[in-house]
Amino acid sequence: MQKYLLRRGLFALGTVIGVSLIVFVVLRILPGDPLVALLGVEGHSKMTPADRAIIMKDLGLSDSLPVQYVRWLRDIATGQLGKSFFRGDTVRDLILHRGPLSAEIAILALIISWVVGLPVGILSAIRPNGTADAITRFFSILFIAVPNFWLSMLLVLALLFWFGYKSPIMVVQLWENPAQNLQIIIGPAIVLGLAQGAYIARMSRSCLLEVIREDYVRTARAKGAVERAVVLRHALPNALLPVVTISGVLLGFVLGGSVAVEQAFGVPGLGRALVTAIIERDIIVVQNLVLLYALIFVGVNVLVDLSYAWLDPRIRYQ
Amino acid sequence: MADPVPHSRRSFLKSLGVAGAAAGVAPAFLRGRAQAQDFQLKALDPAAKPGGTLRFGILNAPAHFDVHQSGTIANLGPQAPMYDLLIRRDPRDGNTIIPDLAYKWDVAPDGKRYTFHLRKGVKFHDGAEMTSADMKATYDRIVRPPKGVVIPRSSLFTAVGDIVTPDAYTIEFRLTEPRPRAFMLGAFASGWNIVVRKKSLDDNGGNLRQVMNFPGTGPFRHVSRKDKEVWIQEKNPNYWNKGLPYLDRLEIYNLPPFSPELGSSFLSGKVDYARIMDPVSWRKAKEMPGVTATAMNQSVIQAYFFNMKRKPFADPRVRRALHLATDRHVMVDVVKDTAPMQVGGFVYPFHEWSAPKAELEKRLGYQKDPKAAIQEAKKLMAAAGYPNGLKNLDFVVRDLASFKLWAVAIQAMLKENLNVESNLRVVQTSQWFEEAGSGNFDLAISAIVSSLMDPSDYFTAWYGKGGPQNYSGWTNEEFHTLAHNLEREVDESKRKAMIPRAEEILENDPPLVPVAWEQIYDAFYNRVRGQNATKFFGIYDVTRWDTVWMAQS
């Protein structure tokens, strides 16, 4: 087990370092001048080469790439994560302020995906090729096919016309005002949750259909167990393993999707901060947020791997 | 030659319009003249009362905090209320130049020396007294920024030689050559030139980009700020202008220009005053009871540029042909739900020196029926050797909604009218300037701005040889000579007489194609009093909220 953990941990670390190198290099070779956002259109047009050299030095962009990379690692080690090019705010403060909203959206979306996806998958599997199965499969494919940002825009318009929904103009934390906080996160969570719920419904249906034909399920039925107990107690736990696996992968989609969905709903979370930073070419903010997303994604997948043994006692880590 | 206080009483009364209003206003001015040294501003309405909170929606996500180095409302919107200027535009009409930290000023008869007399007892928010040393530090920096500090308005002060302070409350600007008085006073009154403490500059190596709360002398003081959300300020109880500000508190929310967030926040009553609204929300606001929706002219021209280094565009006939083939009335219509615009030529269309609208619309290129202009454009293309048009032009487009809409429309117009084929290349703003700066384009669409309405500002910046916003790389010796003379001529009537010739040169040898001139839509609930933005030139000079008051808290 310890060996497995060590191996898994090293692999995760390698992945994160790989991501950090890619994002670090890509951000520095992409076209576009970060000084446009810093100085504005008029100021940028009046900047002399000498001014440019000084400002680039102030921002740390005139150092060699290895020096910049080591400085970034040092900032990560100190927990400050570096400062925004522009206002000088630390990325840590940005994450602490906006991160909770994005985390709530991701967790709620995951809950919605399970709450909606699993019953739909079970319903679909216990009466395969029936009317309920056809309807649930239609909606599953629909929600998989529809892009998140488009569904978000539709939902925003519907909420606007029917309920007078207005996008939030401030971050409201859960502990400050739970009701207002829920108003902010519920829309994005539903959009992201339904899309992931569709995957879970599809996966749980196919896994359950396989398991339901196993001998031990037939035995349970032969022993006179009611159908509900057969499905929920005997078949479902064994069918869940691939569903749990896909949930880890889906969290990646939730994180990626939240960038567009937060933007569509006007939610001031980390996804929106990332979009703004990309537009401003605030390299320090972008590289730290991408790394954070990568860390979460890798971390969740390690946890998913470790959960296999808990879900299926036959699995042993070596 | 002493300047009366306020600077232009006649123009102010004219702008107010009605005789009745003038009768009510005149006593206030007479007081101001009689007590020039104690000139104090107050709201026009005698019912103005203190108290209340104004929730203001504006772009409030500055890239940095150094107002001098900025060119965006993201700085002035939230920061201007905390600072004062040397002299200012009257917030009640937006135009008249009135005292601010200088209570009076003198201009030497030869126009080469400006002396400002500063108020005594003005305190910065940290308690230090404002003296001429602070004013000199502020203007030394604006006029001649240190290395690594870029101040877009420095070019307004190129004639300023020495800045001297004979005593703690006097500052003198000595010019190396004369400049028109209106131009210079307009430059001093620019909203960007906030007065900062010398100590703030000294402590930060002359760079305030990452200093969020450097002390000002303004009517409001910093309380708190959440990045890209809200900046909260409170009344400065020690403000030198007794009775101002009326408001107890300002809450400035980050709501981007033309965004649905801004429109919906205003329409749902989350903010009391919205600036730079999208036309759709603004039209809804206009129909709402208890709401006033206003429009003002903005200091921005939307245009597309030619790469003069590439062969077809070195020929003025080709450039004029493209200029004539661009239907400006359609351009305004294309973006009518995205951003408010108006038709104009090469000079601010609302400036008193430019061709009046009726006259402009008789000219080729500005007529509502474009047939004659297109015929002329075809002739010009044929004469230039391109009767069959041009192929594969690289048209670089800034990734903003209005530019993308226009680019598609221009592409279609040029193809249909002149058989000029172009490929659109949409790029992020940061990349657009790289492409434009390195000449990697045939056509490129963007917006350019000026600080003043006076042509001497933008004739240099937009059309000047090597001008910072002359992205076409255009040159025309006759025009440059004329612009040089215009900048140095102090007789306003002679300056005005130069404009028609300048326009003629620009029409026939276009440095760019004017697409549209921007407008700004504001809306506010009628409980907000004391602000009339209809006469403002742009959104940068009057943003302090000191004469604004709330009819209901």
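Start by colouring chain B by confidence, remembering that this is a predicted model. Select helix α2 (residues 19–34) of chain B: confidence in chain B is lowest here, at a mean pLDDT of 36. Now jump to strand β7 (residues 170–175) of chain B, where confidence is highest, at 98.

Widen the selection to residues 1–35 of chain B. Over this stretch pLDDT stays under 50, and the model has 46 contacts for it beyond four places in sequence. Where pLDDT is low, the predicted coordinates should not be read in detail. For chain B as a whole, the mean pLDDT is 90, and 93% of its residues reach 70 or more. For the complex, the predictor gives an ipTM of 0.74 and a pTM of 0.83.

**Chain B as a whole**

Next, show all of chain B as a cartoon. You will find 18 helices and 19 strands. The radius of gyration is 24 Å, close to the 24 Å that the globule rule gives for 553 residues, so chain B is as compact as a globular protein of that length. Turn the C-alpha trace around and you can follow its span of about 70 × 55 × 50 Å along the principal axes. Of the 553 residues in chain B, 53% are buried. Looking at contacts in chain B with a separation of 6 or more, 70% join residues 24 or more positions apart.

**A covered helix in chain B**

Select helix α7 (residues 260–267) of chain B. This helix is mostly covered, with 7 of its 8 residues buried. Among the buried residues of α7(B) are B:Leu262, B:Phe266 and B:Leu267. To see what they pack against, add β1 (53–58), β11 (273–275), α8 (279–287) and β17 (512–525) of chain B. Following α7(B), stop at B:Gly269, which has a positive phi, near 80°.

**A loop residue in chain B**

Now centre on B:Lys123, which sits in the loop between β5 (113–118) and α4 (132–143) of chain B. Is B:Lys123 buried or partly exposed? B:Lys123 has 15 other C-beta atoms within 10 Å, so it is partly exposed. Beyond its neighbours within four places in sequence, show its contacts: B:Ala128, B:Glu129, B:Met130, B:Thr217 and B:Asn238. Then pick B:Pro215, 92 residues away along the chain from B:Lys123, and you will find 9.7 Å between the two C-alpha atoms.

**Where the chains meet**

Bring chain A into view. Here 36 residues of chain A are in contact with 33 residues of chain B. On the side of chain A that touches chain B, the elements giving two or more residues are α2 (34–46), α3 (49–59) and α11 of chain A. Which of them gives the most? It is α2(A), with 12 residues. Coloured by class, this side of chain A shows 17 nonpolar, 9 polar and 10 charged residues.

**Two helices in chain A**

Select helix α5 (residues 91–126) and helix α11 (residues 270–280) of chain A, which pack at an angle of about 125° with their axes 8 Å apart. α5(A) and α11(A) are therefore oblique to each other. Show side chains for A:Leu94, A:Ile95, A:Arg98, A:Gly99 and A:Ser102 in α5(A), which meet A:Leu270, A:Gly271 and A:Ala273 in α11(A). The residues of this contact divide into 4 nonpolar, 3 polar and 1 charged.

For the last stop, select A:Gly256 in helix α10 (residues 227–265) of chain A. With 15 C-beta neighbours inside 10 Å, A:Gly256 counts as partly exposed. Add A:Ala12, which is 244 residues from A:Gly256 in sequence and 19 Å from it in space, C-alpha to C-alpha.

Key
Residues numbered from 1 in each chain as written. Chains lettered and ligands numbered in written order. pLDDT = per-residue confidence, 0-100. Helix = DSSP H or I, 4+ residues; strand = E, 2+ residues; numbered from the N terminus. Contact = placed C-beta atoms within 7 Å. Axes fitted to C-alpha atoms, helices over the stretch in contact; angles between N-to-C directions. Parallel < 35°, antiparallel > 145°, perpendicular 65-115°, else oblique. Nonpolar A, V, L, I, M, F, W, Y, C, P; charged D, E, K, R; others polar. Buried ≥ 20, exposed ≤ 12 C-beta atoms within 10 Å, placed from the backbone. Rg over C-alpha atoms; globule rule 2.2 N^0.38 Å.
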